[in-house]
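Visitor: Hello! Could you show me how to read the charged contacts in a model like this one?

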Amino acid sequence: MIEIRDLLVRRGATDVLPGLRLDVGAGVTGLLGPSGCGKSTLLRSVVGVQQVQSGTVLVAGEPAGSRQLRSRVGYLTQAPSVY
């Protein structure tokens with residue numbers, strides 16, 4: 001369902017999720033980790049609202065954030081008023 005290859009997000013001089021490779025199948029998946037470890041950055045990358053420096057993120061075979069996925073992928077932040 002989700003395929004991530006060699007993901008890199010850059011924030012200033014800091015590389016975030018450098019070289020991340022991940023496959024997530026269909027079903028329910030949890031994402032756990034301490035504050036600042038990249039969970040939100042990863043989720044933003046999956047829904048296509050995070051600018052990535054390099055790598056690929058595919059959701060159901062389509063590039064993250066593509067028009068074809070807009071009716072199939074939902075995302076709600078902790079503070080939705082920001083968006």
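Guide: Let us go through the salt bridges together.

Guide: Some ground rules: this is a predicted model, in which local features need pLDDT of at least 70, side-chain atom pairs count only at pLDDT 80 or more, and totals for chains, interfaces and linings use all residues. Residues are numbered from 1 along each chain as its sequence is written, and side-chain values use heavy atoms, with hydrogens and water left out.

Visitor: How many salt bridges does the structure hold?

Guide: A salt bridge is a side-chain nitrogen of Lys or Arg within 4 Å of a carboxyl oxygen of Asp or Glu. The structure has four. Among them is the one joining Asp15 and Arg10, at 2.8 Å from N to O. Salt bridges with shared partners also tie Glu3, Arg5 and Asp23 into one network. Within it, the side chains of Glu3 and Arg5 meet at 4.0 Å, N to O.

Visitor: Which parts of the chain does the pair Asp6 and Arg21 link?

Guide: Strands here are DSSP E runs of at least two residues, numbered from the N terminus. Asp6 and Arg21 form a salt bridge at 3.5 Å, N to O. This pair links distant parts of the chain, with Asp6 in strand S1 (residues 2–11) and Arg21 in strand S2 (residues 14–24), 15 residues apart.

Visitor: Why does Asp15 count as partly exposed?

Guide: Buried means under 20% relative accessible area, exposed over 50%, and partly exposed in between, using a 1.4 Å probe and protein chains only. Asp15 counts as partly exposed because its relative accessibility is 38%. Its partner Arg10 is partly exposed at 40%, Asp6 is partly exposed at 41%, and Glu3 is partly exposed at 34%.

Definitions and conventions
Helices (H or I, at least four residues) and strands (E, at least two) are DSSP runs, numbered from the N terminus.
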